[in-house]
Structure formats: C-alpha cells, structure tokens
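Please look through the structure shown here with its bound ligand in view, and then follow the paragraphs below from the ligand outward to the rest of the chain.

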Amino acid sequence: MLAIIGGTGMAQLPCLEISHRKVMRTPYGEPSGPLTFGRIKNNQVVFLARHGYGHIIPPHAVNYRANLWALQSLDLTRVISVASVGGIRDDLVPGAIAIPDQIIDYTHGRKYTYYEGIEKPITHIDFTEPYCPLTRSRLLDAARHAGKKVIDGGVYGATQGPRLETAAEINRFERDGVDMVGMTGMPEAALARELGLCYATIAVVANYAAGRKTSVREIRLEAAHAVLEKAMVEVRNILEYAVELDVD
Ligand code: HPA
C-alpha cells in the first residue's frame, strides 16, 4: 500500500475511490486528520491531508511525528508527499513540478525526532540523501508515463513560516544553493527516515519566491492558488501512474 500526504492545494484526492476513514491515535498525539483508505486504479492507497481536511493546521503546527507514526503503523514502505513551494531557480516557474533531491533545513522549534527521552538510545540516522532514490525514480518514471514534464532534482529549503520570506532571505537561500522554498518539508522527511519509510516529494511551484519576477513587491496568494489548482491535476495524473509502479 502506498501512502500519499497531500499539502496545500491537495486536501483531498478525487481519483481515490474511498473505502473508509480511520481516526488514529499515536504516542505523539493525533495526526492532522483521519487516514483515508481507498484505491486508485485498483491499487491500495492511504491518504492524509497534512493541513487537515479543512486546511486549518499551519505548517509550523502540523504534528509531523503523529502523521508519520500513524502511516508507519500500517506496515507500509513508501510515502509520497505533495508540497507547494516558491520557485527560486530560473526554471522553477509557477506551475512547474519538481522532484527535489536535497534539503536545507531552516526550520526551528518543531518536534523533529522520535529519539528523545531517556528510554530512547541516541541514534544518528544517515541523511546524506534525504529522499529515497528509488521512490524518486519511480515518480520520474510515473511522470514520463503520464506524459508530464517534471524537473529531476533540486534543493528544497524548508522555512519556518507561516509568514513568507523576505527578498533578502531568498537571496541568502539562493547563495546557499536552495532552488525552492516550502514550509513543510522538514521535519517530515527526517522523521520518515527515522521510521525507515521510503519517502520522496512532488514539489509544485505555486509562485515565484519573494522578490523575484511577479513577486517583486508581494506574493499574491490568490494567483498562487489558481496556479496550484491547475498543477494539481497534473500531479494527480502522475500519482495514478506512481501507484501502478509501486510494486515492491
Ligand atoms: N515560500 C515558502 N513556502 C511556500 C511558498 C513560498 O514562497 N510558496 C508555497 N509555499
């Protein structure tokens, strides 16, 4: 069974034939909402809306630990996350879709590990490649099958939010090597690794990052929502193939 975590612009998955929903409790509290079980083209999928089904949980308040713990307790191996981002690199224009391959974490104050408390031995997970290479290549294959153009690779800069960045912050991130910014990529990716889940992200560019192109003076979220709505149709097409390719 494949797990899909949907972000802004994907609070539900219309292509999912829902069988049931399940409220889960974890040692870390409750996930963002009930898990939704169903099938896409006869393949079993579980879906979770990262911000809750009414998009009410802001990025810094998402219970990432509970979300990943709940999914992991279903004994699945693969998690695909869908996340909206602001584009910094020239080819990451609004509407573009990328499968990032690296992360720089600028978040703070979030619950970012399961290894805390005296009963848990200190463990340093390897995070050299933060995304699962096999899952990434499955997503790239799925995009090819779906006939959708996606950008292979890119550095995802995880920002704290909920505010958007300043133009100077974006310039600094670019100097750091960041290609796109989003508010939810961490600690989600690291927690997935701690639990041994194969995790990769489909990043959808909603807007130019602060201070760039049409965002020189401000980021207009209404425009970004319209862009996301359109791009999410393509993401759903890719996911339809991704579930078919998900043979372990
Ligand atoms: N910055 C951070 N997160 C985002 C953005 C952005 O410009 N767009 C969508 N998510």
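In this predicted model, a polar backbone atom of Gly86 lies 3.3 Å from a nitrogen atom of the ligand, and a polar backbone atom of Ser84 is found 3.4 Å from a ligand nitrogen atom. A side chain takes part as well, since a polar side-chain atom of Asn207 is placed 2.7 Å from a nitrogen atom of the ligand. Taken alone, the ligand would expose 260 Å², and the protein buries 91% of that area.

The ligand sits in the largest pocket, where the residues surrounding the ligand are Ser84, Val85, Gly86, Thr159, Leu164, Glu165, Val181, Gly182, Met183, Asn207 and Ile219. Which strands each supply at least two residues of this shell? They are strand S5, which spans 78-87, and strand S10, which spans 180-182. Of these, S5 gives the largest share of the shell, with 3 residues.

Strand S5 can also be followed to another of its residues, for Ser81 lies in that strand. Is Ser81 buried or exposed? Ser81 is buried, because its relative accessible area is 1%, which is under the 20% limit used for that term. The side chain of Ser81 is joined to the side chain of Thr201 by a polar contact of 2.8 Å.

A further buried residue is His51, which is found in the loop between strand S4 (43-49) and helix H1 (64-72). His51 counts as buried because its relative accessibility is 4%. As a guide to distances across the model, His51 and Ala96 stand 45 residues apart in sequence, and their C-alpha atoms are 22 Å apart in space.

The cysteines deserve a separate look. How many disulfides does the structure hold? The structure holds 0 disulfides, and Cys198 gives a case in which the reasoning can be followed. The cysteine sulfur closest to the sulfur of Cys198 belongs to Cys132, and the distance between them is 4.1 Å, so the two are too far apart for a bond; a disulfide would require the pair of sulfur atoms to lie within 2.5 Å. Cys198 itself is partly exposed, because its relative accessible area is 24%, a value that falls between the limits of 20% for buried and 50% for exposed.

Definitions and conventions:
Residues are numbered from 1 along each chain as its sequence is written. This is a predicted model: local features need pLDDT of at least 70, side-chain atom pairs count only at pLDDT 80 or more; totals for chains, interfaces and linings use all residues. Side-chain values use heavy atoms; hydrogens and water are left out. Buried means under 20% relative accessible area, exposed over 50%, partly exposed in between (1.4 Å probe, protein chains only). A residue is near a molecule or strand if one of its heavy atoms lies within 4 Å of it. A polar contact is a pair of N or O atoms within 3.5 Å; within protein, one must be able to donate a hydrogen and the other to accept it, and residues adjacent in sequence count only if both atoms are side-chain atoms. Accessible areas come from the Shrake-Rupley method with a 1.4 Å probe; for residues, only the protein chains shown count as cover. On a 1 Å grid over the protein atoms alone, a cavity is a set of points where a 1.4 Å probe fits but cannot get out, and a pocket is an open set with protein on both sides within 12 Å along at least five of seven lines; lining residues have an atom within 4 Å of a point. A molecule sits in a cavity or pocket if more than half of its atoms lie within 2 Å of its grid points. Helices (H or I, at least four residues) and strands (E, at least two) are DSSP runs, numbered from the N terminus.
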